[in-house]
Amino acid sequence: MKNPNTVVSTALASILAMSALGLASGAEAAEKTDMEKCYGVAKAGKNDCKTLSNACAGHSMSDNQKDAFIALPAGTCKRISGGSLQAPAGM
């Protein structure tokens with residue numbers, strides 16, 4: 001990079017790209033605050049976090065496992081048949 005204009009242009013492009021990524025991650029974080037855990041509606045192997053029988057996401061053993069949850073937008077779980085906002089006893 002012998003041309004100073006190229007160096008300056010590259011630096012400015014990098015700063016703009018990093019700013020755009022920062023705005024995107026901030027917006028994503030704001031969206032996550034409007035999420036809720038919905039128990040008993042996850043398909044087998046599609047849960048978002050631990051259950052009583054395992055400690056990892058994606059390891060629920062059966063459909064609609066009562067202790068497995070998925071994160072849904074707030075207000076959605078109560079509209080799903082079988083969905084519960086309360087974790088089963090023992091969690």
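This short report walks through the fold, the nonpolar core and one buried acidic residue of a predicted model.

Residues are numbered from 1 along each chain as its sequence is written. In this predicted model, local features need pLDDT of at least 70, side-chain atom pairs count only at pLDDT 80 or more, totals for chains, interfaces and linings use all residues, and side-chain values use heavy atoms, with hydrogens and water left out.

Let us start with the overall fold. The protein chain has one helix and two strands, arranged along the sequence as α-β-β; these are DSSP runs, with helices (H or I) of at least four residues and strands (E) of at least two, numbered from the N terminus. Of its 91 residues, 19% count as buried, meaning under 20% relative accessible area with a 1.4 Å probe, protein chains only.

Now to Glu36, a residue of strand β1 (residues 35–39). Glu36 is buried but has no salt bridge (a side-chain nitrogen of Lys or Arg within 4 Å of a carboxyl oxygen of Asp or Glu). Two distances help to place its side chain:

| Partner of Glu36 | Distance |
|---|---|
| Backbone nitrogen of Gly75 | 3.1 Å |
| Lys78, nearest side chain of opposite charge | 7.3 Å |

Beyond four places in sequence, the contacts of Glu36 (heavy atoms within 4.5 Å) include Ile70, Leu72 and Cys77.

Those three also belong to the largest nonpolar core, seven residues that further include Cys38, Val41, Ala42 and Ala68. Such a core is a set of buried Ala, Val, Leu, Ile, Met, Phe, Trp, Tyr and Cys residues joined through side-chain atoms within 4.5 Å. Ala42 is in contact with Ala68 and Ile70, among others.

How values were computed:
Buried means under 20% relative accessible area, exposed over 50%, partly exposed in between (1.4 Å probe, protein chains only). Lys and Arg count as positive and Asp and Glu as negative; His and the chain ends are not counted. A polar contact is a pair of N or O atoms within 3.5 Å; within protein, one must be able to donate a hydrogen and the other to accept it, and residues adjacent in sequence count only if both atoms are side-chain atoms.
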